[in-house]
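Colleague: Could you take me through one part of this model up close, the pocket and what sits around it? Give me the cut-offs as you go.

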Amino acid sequence: MQADYQSTGTGSSQNSEQLLYWLRDRLGQQGPRFGCGIAQCGACTVLLDGTPSRSCVQQMHTVPDQSEIRTLDGLADGGEPHPLQRAFVALQAAQCGFCVNGMVMGSLGWLEARIAAGNRAVPTKEEVEDFLSGASADNTRNYLCRCGTHTRIVGAIRSAAKEMVR
Ligand code: FES
Ligand code: FES
């Protein structure tokens with residue numbers, strides 16, 4: 001899996017710039033999106049040392065130096081899309097697509113954490129719904145789709161999980 005960036009020199013207490021703007025404006029990353037700006041929708045999600053982070057509210061001085069930052073832009077392994085990317089395309093899980101970054105990066109962090117903890121079961125529809133709604137104990141953050149394509153998104157996450165646990 002490709003690691004996108006390692007933060008360097010960002011631990012300055014002076015730097016109150018949000019991680020989202022650092023990624024988009026300084027590094028040209030187009031994956032993380034500005035949705036709500038108040039940590040409520042998930043559109044800006046990136047993985048910070050493997051943990052989903054709402055980059056719209058994560059100030060740079062809170063990002064430890066040498067942190068591994070993974071974004072949707074770097075998710076494909078070489079030219080090969082990640083199973084989550086393939087599943088979202090195959091199941092046409094996006095309408096406008098604005099939420100997809102958060103859905104993919106959030107579920108990536110969630111699924112990888114489950115697998116790392118030894119849980120190689122494909123999550124049930126209910127478990128994915130709990131994940132997306134922030135109701136599950138291992139993810140207290142919700143992910144919103146304003147177009148209402150949650151049914152297909154749930155299917156895509158489960159489909160990708162089948163590949164990821166193999
Ligand atoms: S834009 Fe960050 S959570 Fe909505
Ligand atoms: S597809 Fe439009 S917000 Fe989810």
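Modeller: Sure, terms first: helices (H or I, at least four residues) and strands (E, at least two) are DSSP runs, numbered from the N terminus. This is a predicted model, so local features need pLDDT of at least 70 and side-chain atom pairs count only at pLDDT 80 or more, while totals for chains, interfaces and linings use all residues. Residues are numbered from 1 along each chain as its sequence is written, and side-chain values use heavy atoms, with hydrogens and water left out.

Now the pocket, meaning an open set of points on a 1 Å grid over the protein atoms alone where a 1.4 Å probe fits, with protein on both sides within 12 Å along at least five of seven lines; lining residues have an atom within 4 Å of a point. The largest one has a volume of about 180 Å³, that being the space filled by probe spheres set on the points. Its lining has 13 residues, and Thr-51, Pro-52, Trp-110, Asp-138 and Asn-139 lie nearest the centre. Strand E3 (51–54) and H3 each supply at least two lining residues, with H3 giving the largest share, four. By type, the lining splits into five nonpolar, five polar and three charged.

Pro-52 also leads us to Thr-45, in strand E2 (residues 45–48). Leaving aside neighbours within four places in sequence, Thr-45 is in contact (heavy atoms within 4.5 Å) with residues including Pro-52, Ser-53, Arg-54, Asn-101 and Tyr-143. Thr-45 has a relative accessible area of 1%, so it is buried, a label for anything under 20% with a 1.4 Å probe, protein chains only. A polar atom of its side chain lies 2.6 Å from the backbone oxygen of Gly-42.

On to H3, which also holds Ser-107. Ser-107 counts as buried because its relative accessibility is 0%. Here a side-chain polar atom lies 2.5 Å from the backbone oxygen of Met-103. Beyond four places in sequence, Ser-107 touches Leu-84, Gly-102, Phe-131 and Ile-157.

Leu-84, Met-103 and Ile-157 bring in the largest nonpolar core: 27 residues, with these three among those that have the most contacts inside it. Such a core is a set of buried Ala, Val, Leu, Ile, Met, Phe, Trp, Tyr and Cys residues joined through side-chain atoms within 4.5 Å. Helices H2 (83–90), H3 (100–116), H4 (125–133) and H5 (150–164) each give two or more residues to this core. Another core, of eight residues, lies apart from it and includes Trp-22 and Val-46.

Note on methods:
Chains lettered and ligands numbered in written order. Buried < 20%, exposed > 50% of the residue type's maximum accessible area, 1.4 Å probe, protein only. Polar contact = N/O pair within 3.5 Å; in protein donor to acceptor, adjacent residues only side chain to side chain. Nonpolar A, V, L, I, M, F, W, Y, C, P; charged D, E, K, R; others polar.
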